[in-house]
Amino acid sequence: MDASLEKMVDPTLAEMGKNLNEAMKMLEDNQRKEEENEKRYTRKDIPGPLQGSGQDMVSILQLVQNLMHGEEEEESSQSYSVLACRLQNVGEQGHMALLGHSLAAYISVLDRERLRKLTTRILSDTTLWLCRLFRYENGSAYYHEDDREGLLKICRLVIHTRYEDYTVEGFNVLYTKQPVIYISSAARMGLGQALCNQLGLPLSCMCRVPCNTMFGSQHQMDVALLDRLIKDDAESGKMPLLLVANAGTPGAGHTDKLGRLKELCEQYNMWLHVEGVNLATLALGYVSSSVLAATKCDSMTLTLGSWLGLPAVPAVTLYRHEDPSLSLAAGLTSSQPVEKLRALPLWLSLQYLGHDGIVERIKHASQLSQRLLENLKNLDFIKTSVEDELSSPVVVFRFFQEYANRDQTPHAAPTSAIQHPIISNERHVCDTFNQWLGEQLAQLVPASGVDVVELEDEGTCVRFSPLMTSAVLGTEIQDVDQLVDCLKMKIPVLTSTLQLREEFEQEVKRTVGLVYIEDLSWPGLGVVRYSYHSDGKNDDKQEKELEKINTELLKKLNDLESDLSFSLGPEFGGEKNCVYIGMVTEDLDVSELVETIAATGREIEENSRLLENMTEVVRKGIQEAQLQLQKANEERLLEEGLLRQIPVVSSVLNWFSPFQASPKGRTFNLTAGSLESTESTYVSKAQGTGTTPPPTPTSSLAKQRLPGQKIFKRSLRSSDAFSETSSISHCDDLEKMEQRPPVLSPGHDQARLELGMKEQQQAATLVTAAERDTVPSDKSPSACAQAEEQGSQR
């Protein structure tokens, strides 16, 4: 490309293209440098003063690079993967679109005559190419940055056309006969309000037309109801002005009955405007009849940037109108040549791709959607919502499972004004699971471009719209296959979790000390809270203690070697002081899980209570020990007599008649919270254990775990592990063994005898070690007697 730039006649254009290439290379090579070097701009988000000496281009591009990628460490892995895919697939066609903006700035400084000729050629070429490409004959084009701006200009054009005195009298003519704009209830959010705000019309001028409820797609405009609405407005003295239809609704990608809507607009002298992603299929060889009817509409809006993966190219609104003066008054055309340069990036990009390249990109996106749709047909628990299974550019699907306790009929929910609470809760839970499914698929396969969409009737769904994402993300067939594989892995997890939620709820409600928290927006097994038994404490202290126990409970559960995920729940909107359990598999032992949670909570509560009472118990124990030691000293003085208290006399008296007294002490038992005498220690020469502490609460089911089996997993034994001649199940064997007394063979008796002897030997070894470690030899009574005897001999 550098060699071709050097052959250009105009050196300025060659220098412009060279600088653009260098700038793009510098911005694209920043990822490796950002990983190796630390952040240099610690205060980059704070605006600073403009430097007086100025900066060179390299420094400015370096600043742009840091602003683009400086927050990568703080971003999630999902958003970073999507950003990497977008930057990687910009390609040369994207560079051509970016070059168009630089050329537009350069061309704007030409003299007026050259500028007029150049802009006229660029505008006429681009308009001709787009009209032929999308089968829109004899059309004009308006290029705009905001995709709603084209519809706004069309509304002004229709107002100028239908109200002849609007140019002179303005809004006075609108007051006498109020205009009405009709949009579908499936249109994008905020479209009607944005049009009224920009046109200066009240919201009463906007009429939302409901979609079908009985026949046809639930995302298509109800034509019969629209006919009645238009007739009623015309009879009440209003002016039916314009109808906005969809060739691919923003949510489900369905197309309205454009042929019937066109006939209705001609009947009432209305303008028909069409927008939607399905308009891209007009460039293909085969086009469905529902989309092909869009070629007869009065105007349509095309978003070529997302369809073809072209950055910073304008949207295009094609329209047919015979009066150029009204188009100029509405702002669809401009007498300023600079305004016509908006089409320059698109003019360059279309030439770079060519007719075949444009068709190939749109065809590739359609093939991706068809590949996914064919695979989804073979999956259980997946319900699709597509308009045409043969050619549907947008695929919408959701996880759906029938409930055994009731009969569900399609479209039953919209017919009733008030839904049953159980049905409403089930739908809310299903929406939550589909939200989780869409987020997981987008994170695992970022190149697929799937997202989550909220539909009025279906609820939360996962949407795959390759026409809007594949060109930017570079989606291929293998990405769709990977998406299907990930979906197959997630479906068993969803079904198992949904089936075990009710069992988990019942187990928690039957367990003492646990409280089940109903959170329909949590995608997982459920939410549980350990209930703290307060002893007359105030609310603040009880709340702190509850938070402490549940936090420690969450920590201990996460330390277990299990496949479950325990968390504090969502960052916003979740319940406090709870343990949230995530998705599970079918081999989960719910009873063991609940029992372990309850036992761990009781252990934490007992330890907490012990620590709370420890200070008071120790203080009282020290005071009692001091009193008992003081009393023992007084008793010793009475036994020794008065003469033994005199320093010189006591030595002579002890030499002639030694006084032997057993040492007395006190030991404090933390478990029992009481003082005990140390006489047993000196007699047995071993420190007593006192009261045996209570055993640590554990799950009784954990003792039955097989080798290699993880916690909270049921043992799924296959038939190969049992004898082929056995006709009784494992459960029946256990019941019979419990009913009859145990009968052991002589070999079993010998084995038990040997095992008991080994245990006794180990216990004796531990006692001997305890005696040697706990009782010092110089403090024993025999050692004291030997010392006194040696002194008397001397």
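Colleague: What share of the contacts in the protein chain between residues at least 6 apart in sequence joins residues at least 24 apart?
Modeller: The share is 70%, where contact means heavy atoms within 4.5 Å. This is a predicted model, in which local features need pLDDT of at least 70, side-chain atom pairs count only at pLDDT 80 or more, and totals for chains, interfaces and linings use all residues. Residues are numbered from 1 along each chain as its sequence is written, and side-chain values use heavy atoms, with hydrogens and water left out.

Colleague: What makes up the secondary structure of the protein chain?
Modeller: The protein chain has 27 helices and 17 strands. Helices (H or I, at least four residues) and strands (E, at least two) are DSSP runs, numbered from the N terminus.

Colleague: Why is Ser366 called buried?
Modeller: Buried means under 20% relative accessible area, exposed means over 50%, and partly exposed lies in between (1.4 Å probe, protein chains only). Ser366 has a relative accessibility of 16%, so it counts as buried. This residue lies in helix H17, and, leaving aside neighbours within four places in sequence, Ser366 is in contact with Thr281 and Leu284. For the protein chain of 794 residues, the buried part is 41%.

Colleague: How do you know which strands are the edge strands of the open sheet?
Modeller: Two strands pair if DSSP finds at least two bridges between them. Four strands form the open sheet, in the order E8-E9-E11-E10, with antiparallel pairing. Strand E8 (382-384) and strand E10 (451-455) each pair on one side only, and these are the edge strands. From one strand to the next, the twist averages 40°; axes are lines fitted to C-alpha atoms, for helices over the stretch in contact, and angles run from 0 to 180 degrees between N-to-C directions.

Colleague: What joins strand E9 to strand E11?
Modeller: Strand E9 (residues 395-399) and strand E11 (residues 459-464) run antiparallel and are joined by three bridges. Since the rule asks for at least two bridges, the three found here make E9 and E11 a pair. Val396 has Arg463 as its bridge partner in E11. Helix H17 (residues 344-376) packs on the sheet, touching E8, E9 and E11, and its direction makes about 30° with that of E9. Helix H20 (residues 477-510) also packs on the sheet, touching E8, E9 and E11, at about 25° to the direction of E9.

Colleague: How do you know that the span of H20 agrees with its 34 residues?
Modeller: The expected span of a helix is 1.5 Å times one less than its number of residues. For the 34 residues of H20 this should be 50 Å, and the end C-alpha atoms are 50 Å apart, so the two agree. H20 nevertheless bends by about 35° at Arg501, the bend being the angle between axes fitted to the seven residues ending there and the seven starting there.

Colleague: Why is the contact between Arg116 and Glu113 called a salt bridge?
Modeller: A salt bridge is a side-chain nitrogen of Lys or Arg within 4 Å of a carboxyl oxygen of Asp or Glu. In the pair of Arg116 and Glu113, the N to O distance is 2.5 Å, so the rule is met. The two residues are three apart in helix H7, which separates them by about one helical turn. Arg116 is partly exposed at 41% relative accessibility, and Glu113 is partly exposed at 41%. The count by this rule comes to 14 salt bridges.

Colleague: What makes the salt bridge of Asp147 and Arg188 a tie between parts of the chain?
Modeller: The closest N and O atoms of Asp147 and Arg188 are 3.1 Å apart. Asp147 lies in the loop between E1 and helix H8 (149-162), and Arg188 in the loop between strand E2 (179-184) and helix H11 (191-199), so the pair ties together parts that are 41 residues apart in sequence. Salt bridges that share partners join Asp147, Arg188 and Glu275 into one network.

Colleague: What makes the phi of Arg135 noteworthy?
Modeller: Most residues other than glycine have a negative phi. Arg135 is not a glycine, yet its phi is positive, about 60°. Arg135 is found in the loop between helix H7 (112-133) and strand E1 (140-144), and its relative accessible area of 33% makes it partly exposed. Asn138 also has a positive phi, near 55°, and is placed in the loop between H7 and E1. At 73% relative accessibility, Asn138 is exposed.
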